[in-house]
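Colleague: I am new to this structure and would like a close look at the backbone in its loops. Please take me through the places there that deserve a careful reading.

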Amino acid sequence: MLGPVIIDGESLTIDEIVAVARHGAEVKLAHSAIETIERSHQWVEEIVKRGEPVYGINTGFGIFAEKRIPAEDSTQLSRNLILSHAVGTGEPLDHEIVRAAILVRANTLAKGYSGVRLVVVETLLELLNKGVTPVVPEKGSLGSSGDLAPLSHLALVYTTDAKDDEAESGKAFFEGEILTGKEAMRRAGIERIILGAKEGLALNNGATFSAAIGALAVHDAEKLLQAGEVSLSMTLEAVMGCSGAFDERLHHARGHCGQTRVAKSVRALIDGSTLIDSYGRIQDAYSLRCAPQVQGIAWETLAFVRGITEKEINAATDNPLLFSIGEAVSGGNFHGEPIGMAMDFLGIALSEIASISERRVFRLTDGHLNADLPPMLVDRLSEIGLNSGLMMPQYTAASLVLENQTLASPDSVRSLPTSAEQEDHNANSMTAARHTREIVTNTAFVLAIEFYTAARALDLRLRQNPKLILGKGTQKAYRIIRENVVYQPGDAWWGPEIESVRDLIMSKLSEIAENVD
């Protein structure tokens with residue numbers, strides 16, 4: 001049973017986001033956050049009383065920032081902002097993304113710079129704890145001024161006005177059904193909120209969905225990098241590769257900590273293997289020999305991206321921010337450039353992980369390159385032609401790698417102006433995050449194909465010489481795969497079996513690299 005996640009606006013972690021978004025961990029508000037939220041709301045009330053023009057509290061938005069709004073219209077101003085900005089399109093985002101975004105937004109408001117009432121944050125937590133997940137379209141955000149459209153779709157469900165029109169309450173998933181937001185909230189026993197001054201802007205201003213997708217991608221990327229070291233090691237054994245390229249001295253001589261880490265991991269995984277260095281080859285192809293250099297820089301990139309993401313999920317990202325009584329500072333913390341650029345970097349790194357993995361799959365299936373194994377790893381040479389072996393899994397891996405190469409083209413360098421040039425440089429951060437999430441999915445399947453192919457190659461290798469011994473780490477991986485997917489000599493429906501291996505990557509197979517001695 002997962003313990004509750006306590007949010008205070010300062011210390012939310014990626015692992016906690018995963019616990020809430022994927023595993024339903026309960027969320028509570030820290031006592032310190034309650035105090036800061038209530039204090040900042042008092043500051044908003046003071047500004048409203050004074051009547052001085054402050055952006056988003058008693059003015060219009062974007063190009064209409066110079067238009068004064070009477071205090072009595074502040075509630076309508078917030079409601080209008082949510083209604084008019086909920087114009088996303090496309091398929092609904094996955095539940096885990098929406099839940100992650102709710103948590104990140106609640107944490108942002110808990111910092112106490114946004115001026116919302118305590119009930120606003122408490123309502124967000126009730127959505128999580130009672131299982132109401134708003135339907136949020138995947139497309140329509142520029143990442144500046146944050147993820148306006150997705151956050152507005154989110155807010156439709158739990159906010160309302162005096163009319164309480166069900167047709168304007170959005171949609172939500174609750175207990176396996178898609179309902180109107182109003183009905184989902186009623187069934188869950190959560191009261192919808194009529195927004196006050198600044199609260200509409202506080203709810204939809206900031207790159208929250210970008211950060212939520214990014215946090216999940218960072219978590220999954222770490223698993224993939226760990227798994228990539230295991231699949232590399234299995235392939236190295238299957239083709240009787242050379243150990244010299246993983247020599248500790250070689251990697252210290254260059255000085256990059258990532259490649260040193262990968263080489264150390266491979267040495268541990270193949271420790272005790274009698275297949276390594278047994279073919280008489282002087283050196284291997286780049287996909288094996290240079291794997292520490294390629295996969296190592298991905299680790300260093302991930303460390304950078306993790307740092308940016310951890311800052312972003314604990315950041316105050318709306319506008320203006322309140323720092324004392326009557327002092328509201330207008331700026332650009334909503335701009336998604338940090339998370340957008342970080343996601344582009346991560347997408348490029350993962351695309352290369354998939355690319356080098358596919359090259360190893362190619363070598364395993366090519367009878368001229370796989371050190372005397374049958375072409376396409378058919379069970380017996382007499383069955384070549386009758387059986388295609390693992391010809392098609394390599395096609396699929398190649399297709400996914402090509403798709404990744406397109407998806408990895410940076411999104412953060414692309415911008416179009418909006419709001420009559422007032423917002424003249426946009427981050428495109430949510431598109432970058434969505435594309436990186438697709439790359440994560442594709443890379444997981446490519447690695448699954450390598451695991452599956454390498455396991456079959458090892459089956460054939462061991463049949464050639466049953467006295468051969470696998471490394472202590474690769475032996476564990478091979479056993480896990482064969483415990484879940486039995487060897488089939490003839491052609492079979494490989495697809496479901498590869499999907500089973502993909503599922504193992506995010507749990508058992510990635511853990512081998514993490515825990516190998």
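Modeller: This is a predicted model, and a good place to begin is Ser-145, which lies in the loop between β5, residues 137-139, and α6, residues 148-158. The peptide bond that joins Ser-144 and Ser-145 is cis, with an omega of about 5°. Another cis peptide bond joins Asn-319 and Pro-320, and there omega is about 0°. Pro-320 is found in the loop that runs between α13, residues 291-312, and β10, residues 321-324.

The loop between α14 and α15 deserves the closest reading for its phi angles. Ala-371 lies in this loop, with α14 covering residues 337-365 and α15 covering residues 391-407, and Met-376 is found in the loop between α14 and α15 as well. Ala-371 has a positive phi of about 60° although it is not a glycine, and Met-376, also a residue other than glycine, has a positive phi near 60°.

As for how these residues are placed with respect to the surface, Ala-371 has a relative accessible area of 4%, and because buried means under 20%, Ala-371 counts as buried. Met-376 has a relative accessibility of 26%, and since the partly exposed class lies between 20% and 50%, Met-376 is counted as partly exposed. When you turn to the loop between α14 and α15 in the picture, you can therefore look for Ala-371 as a buried residue and for Met-376 as a partly exposed one.

Notes:
Residues are numbered from 1 along each chain as its sequence is written. This is a predicted model: local features need pLDDT of at least 70, side-chain atom pairs count only at pLDDT 80 or more; totals for chains, interfaces and linings use all residues. Side-chain values use heavy atoms; hydrogens and water are left out. Helices (H or I, at least four residues) and strands (E, at least two) are DSSP runs, numbered from the N terminus. Buried means under 20% relative accessible area, exposed over 50%, partly exposed in between (1.4 Å probe, protein chains only).
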